[in-house]
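Me: Please take me slowly through one region of this model. I'd like a close look at how its pieces fit against each other, and then at what lies around them.

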There are 2 protein chains.
Amino acid sequence: MSEPPESETPPPRSPKGERTRARILDSATELFSRSGFHAVSLRDIAAHAGLTHAGLLHHFPGKDSLLIEVLGRRDRTDAQAVFPGITHPGAPEPGPDERLRRLVGLVVRNSRTPGLVALYAKLSAEATDPGHPAHHYFRERYRVLREELTVLVEALQAASRPPVQGDPAVTARQLLALMDGLQTQWLLEPDAVVMEDLVTDFLHRLGLGPAAGAEGGGVSP
Amino acid sequence: MSEPPESETPPPRSPKGERTRARILDSATELFSRSGFHAVSLRDIAAHAGLTHAGLLHHFPGKDSLLIEVLGRRDRTDAQAVFPGITHPGAPEPGPDERLRRLVGLVVRNSRTPGLVALYAKLSAEATDPGHPAHHYFRERYRVLREELTVLVEALQAASRPPVQGDPAVTARQLLALMDGLQTQWLLEPDAVVMEDLVTDFLHRLGLGPAAGAEGGGVSP
DNA sequence: GTCTATATCGCGATAGAC
DNA sequence: GTCTATCGCGATATAGAC
């Protein structure tokens with residue numbers, strides 16, 4: 001995804017080619033998630049999908065484009081789960097509490113796929129290089145995430161008693177940074193970090209917790 | 001630095017070897033900062049330092065150990081600037097405001113070396129892999145940073161009026177995560193993010209700003 | 001359109017001459 | 001302490017068989 005939306009029609013593909021492509025994407029997702037990007041070769045992915053590495057390169061121009069298609073597929077799934085507004089502009093918007101619940105749910109879900117979290121962590125760092133093949137993809141990804149989190153924070157602020165001040169865009173940036181940074185700490189020490197607790201605690205201390213949610217216990221450091 | 005402190009005496013080296021070593025470390029720091037770890041070869045570094053890659057490997061057993069020495073040198077410098085207690089146990093501890101000022105100063109200083117910040121961002125993500133050569137280095141690094149930030153937060157909490165509740169270790173973890181995550185966003189869009197403002201704002205909204213500091217303007221999103 | 005086989009490149013690392 | 005020569009490896013690109 002070098003360009004924000006896909007305005008062009010993808011080239012027509014045969015049903016067999018389509019299935020092979022999907023098989024390759026599945027294999028790539030699994031292997032990338034397990035071992036990261038650099039540690040996995042095209043030969044590994046091709047073997048896992050049941051063909052040779054040159055056969056794979058018939059379907060994807062190179063390792064980079066394969067990576068970006070893997071990421072795009074995953075992001076589209078996640079975005080629909082938390083922010084239905086992205087893909088279905090007319091759909092009914094859930095309330096702030098429900099959206100917060102979904103966001104935390106996404107964090108919890110991430111905790112079950114450390115391989116993919118690690119892949120995103122590595123790539124979002126690598127892709128800060130303007131020459132990286134996924135640079136534009138990640139710039140766009142962060143822009144969209146920031147926008148959606150800003151809307152969420154706005155809704156939480158409006159629903160908070162007493163009303164919370166502050167620029168929602170600033171809080172959204174901080175929230176996004178917090179989630180990213182916690183992933184690194186969690187990957188380093190999976191048993192010492194409960195990401196969703198630390199995210200919830202952060203919002204709580206800003207007065208943006210669930211409208212009537214009474215958080216019982218403490219938070220593990 | 002595979003082990004926490006260095007309890008062993010380094011092998012004696014000739015003055016010439018020492019100079020060559022330093023030249024190699026300088027070159028490695030510059031090239032790693034510019035292009036990252038994987039994108040730079042030992043041949044690149046050796047050429048920049050004025051020898052061949054085999055000559056370089058006489059001074060460092062491998063690319064990994066070279067990397068870790070580059071990181072260690074930088075970290076030692078930074079730690080002394082902000083947390084004099086680490087290297088000089090008996091030295092007088094500065095007050096909470098002064099330590100906060102130094103921490104923010106470190107963030108500002110980082111803003112002037114995007115290459116090194118990018119290197120750390122890439123490596124701390126890569127090194128989450130338990131098999132990565134710098135894995136233990138980064139686990140130890142985060143442990144120390146967390147401890148020092150916990151002490152800082154404790155001091156800020158004690159100095160705050162009214163006193164701020166909460167587990168300092170939790171806040172320290174969140175602060176560390178925030179700083180890490182902001183680096184990624186800043187590297188992606190250098191002109192759109194002022195890291196020190198967002199860090200200061202975060203502490204401010206937790207009631208942990210400088211004791212008498214009146215923040216004038218707003219914060220850019 | 002789909003895939004295999006082959007060739008080339010640059011990498012980290014080692015051995016041994018000087 | 002530094003070099004040349006060389007190894008095995010993985011990523012990538014191309015030619016052409018089916």
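Reply: Let's begin in chain B, where α8(B) passes α9(B) in a right-handed crossing (the near helix is turned clockwise from the far one by less than a right angle; anticlockwise would be left-handed). Keep in mind that this is a predicted model, with local features needing pLDDT of at least 70 and side-chain atom pairs counted only at 80 or more, while totals for chains, interfaces and linings use all residues. Residues count from 1 along each chain, chains are lettered from A and ligands numbered from 1 in written order, and side-chain values use heavy atoms, without hydrogens or water.

The first partner, α8(B), covers residues 135-159, and α9(B) covers 168-188 (helices are DSSP runs of H or I, at least four residues, numbered from the N terminus). Their axes are 8 Å apart and the packing angle is about 120° (axes are fitted to C-alpha atoms, with angles from 0 to 180 degrees between N-to-C directions). That angle is why α8(B) is called oblique to α9(B) (under 35 degrees is roughly parallel, over 145 roughly antiparallel, 65 to 115 roughly perpendicular, and the rest oblique).

Which residues of α8(B) and α9(B) make the contact? From α8(B) come Tyr142(B), Leu145(B), Arg146(B), Leu149(B), Thr150(B), Val153(B), Glu154(B) and Gln157(B) (contact means heavy atoms within 4.5 Å). Facing them from α9(B) are Pro168(B), Ala169(B), Thr171(B), Ala172(B), Arg173(B), Leu175(B), Leu176(B), Met179(B) and Asp180(B). Sorted by class, this contact of α8(B) with α9(B) has 10 nonpolar, 3 polar and 4 charged residues (Ala, Val, Leu, Ile, Met, Phe, Trp, Tyr, Cys and Pro are nonpolar, Asp, Glu, Lys and Arg charged, the others polar, Gly among them).

Now stay on α9(B) and look at another neighbour, α6(B), which spans residues 96-110. The axes of α6(B) and α9(B) come within 12 Å and cross at roughly 20°, so α6(B) is roughly parallel to α9(B). This crossing is right-handed too. Leu103(B), Val107(B) and Asn110(B) of α6(B) meet Leu175(B), Met179(B), Gln183(B) and Trp186(B) of α9(B). By class, you'll find 5 nonpolar, 2 polar and no charged residues there. Notice that Leu175(B) and Met179(B) turn up in the contact with α8(B) and again in the one with α6(B).

The loop between α8 and α9 of chain B holds Pro162(B). The peptide bond leading to Pro162(B) from Arg161(B) is cis, with omega near -5°. It's worth a pause, because most peptide bonds are trans. Over in chain A, the bond from Arg161(A) to Pro162(A) is also cis, with omega near 0°, and Pro162(A) sits in the loop between α8 and α9 of that chain.

While you're in chain A, find α6(A) at residues 96-110 and α8(A) at residues 135-159. Their axes come within 9 Å and cross at roughly 135°, so the two are oblique to each other. The crossing of α6(A) and α8(A) is left-handed. On the α6(A) side you have Pro96(A), Arg99(A), Leu100(A) and Leu103(A). On the α8(A) side are Glu148(A), Leu149(A), Val151(A), Leu152(A), Ala155(A), Leu156(A) and Ala159(A). The residues of this contact split into 9 nonpolar, no polar and 2 charged.

Finally, take a look at the DNA. Around DNA strand C there are 20 residues, and Ser14(A), Thr52(A), Gly55(A), His58(A) and His53(B) come nearest (near means a heavy atom within 4 Å). Sugar and phosphate make up 45% of the strand C atoms that come within 4 Å of the protein. A polar side-chain atom of Thr52(A) is 2.6 Å from a phosphate oxygen of strand C, while one of His53(B) is 2.7 Å from a base nitrogen (polar contacts are pairs of N or O atoms within 3.5 Å). The biggest contributor to the surface near DNA strand C is α3(A), which gives the most, with 5 residues. Near DNA strand D, it's α3(B) that gives the most, with 4 residues. By class, the surface near strand D has 5 nonpolar, 9 polar and 3 charged residues, and the one near strand C has 6 nonpolar, 11 polar and 3 charged.

Definitions and conventions. Polar contact = N/O pair within 3.5 Å; in protein donor to acceptor, adjacent residues only side chain to side chain.
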